[in-house]
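Hi everyone, thanks for coming. I'd like to walk you through one structure, so please have a look at it with me.

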Amino acid sequence: MIIESYSQNETEQIGFELGLKAKSGEIYCLSGDLGVGKTVLTKGFARGLGIDEHITSPTFTIINEYSGRLPLYHFDVYRIADPEEMDYIGCDEYFFGEGVCLIEWAELISDIIPDNAQWIKIEKDIERGLDYRKITIGDKKE
């Protein structure tokens, strides 16, 4: 599925709608360049789960946990040098737990991502506008 967004508000709304539909045990893998809107989409996703907390990218902590309709486990694995490092934070407990995982830069650890994950690729196209985003959602990493 391809969705187009022309503003940060629209990108956040797309995340919100995904969060409303999210189910326990689901994993969403976000990929895209720096500043493309992964965290913006995550903010909307969290809102869709009923989370009112301020959402920030866990760049240095690797994971932030939030409580809502379902627990949200928000990963940013940009600084992970080797996927095996994920074992140290107990990633399997999150991946196969009762909450929802949302993983920024998931392509960096794609070898350990469960097969049932949904992949969300966010791309810019400056010719279509500074805030334009093409958001591709599928069940496989492109």
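I'll go through a helix, then two loops, and finish at the surface.

Before we start, please keep in mind that this is a predicted model.

Let's begin with helix α1, residues 8–21. Does its length add up, or what span should we expect from its 14 residues? At 1.5 Å a residue, the expectation is 20 Å, and the end C-alpha atoms are indeed 20 Å apart, so the two agree. Now turn to the side of α1 that is covered: its buried residues are Thr 11, Ile 14, Gly 15, Phe 16, Leu 18 and Gly 19. And what do those buried residues pack against? Their partners are the strands β1 (2–5), β2 (27–31), β6 and β7 (133–138), together with helix α2.

On to the loops. Between α2 (38–48) and β3 (63–66) you'll find Ile 62. Its phi is near 75°, a positive value in a residue that isn't glycine. Is Ile 62 buried or exposed? With a relative accessible area of 13%, Ile 62 counts as buried, because the cut-off for that is under 20%.

The loop between β5 and β6 holds Trp 105. Here too phi is positive in a non-glycine residue, near 65°. Trp 105 is buried, with a relative accessible area of 11%.

Leu 108 lies in the loop between β5 (100–104) and β6 (118–124). At 39% relative accessibility, Leu 108 is partly exposed. Leu 108 joins Leu 34 and Tyr 78 in a nonpolar surface patch, and together they have about 300 Å² of accessible area.

That's my tour, thanks for listening!

Technical notes:
Residues numbered from 1 in each chain as written. Predicted model: local features only at pLDDT ≥ 70, side-chain atom pairs only at ≥ 80, totals over all residues. Heavy atoms only, no water. Patch = residues over 30% accessible without salt bridge, like charges linked within 9 Å, V, L, I, M, F, W, Y side chains within 5 Å. Areas by Shrake-Rupley, 256 points an atom, 1.4 Å probe, with all protein chains shown as cover. Salt bridge = Lys/Arg side-chain N within 4 Å of Asp/Glu carboxyl O. Helix = DSSP H or I, 4+ residues; strand = E, 2+ residues; numbered from the N terminus. Buried < 20%, exposed > 50% of the residue type's maximum accessible area, 1.4 Å probe, protein only. Expected span 1.5 Å × (residues − 1). Contact = heavy atoms within 4.5 Å.
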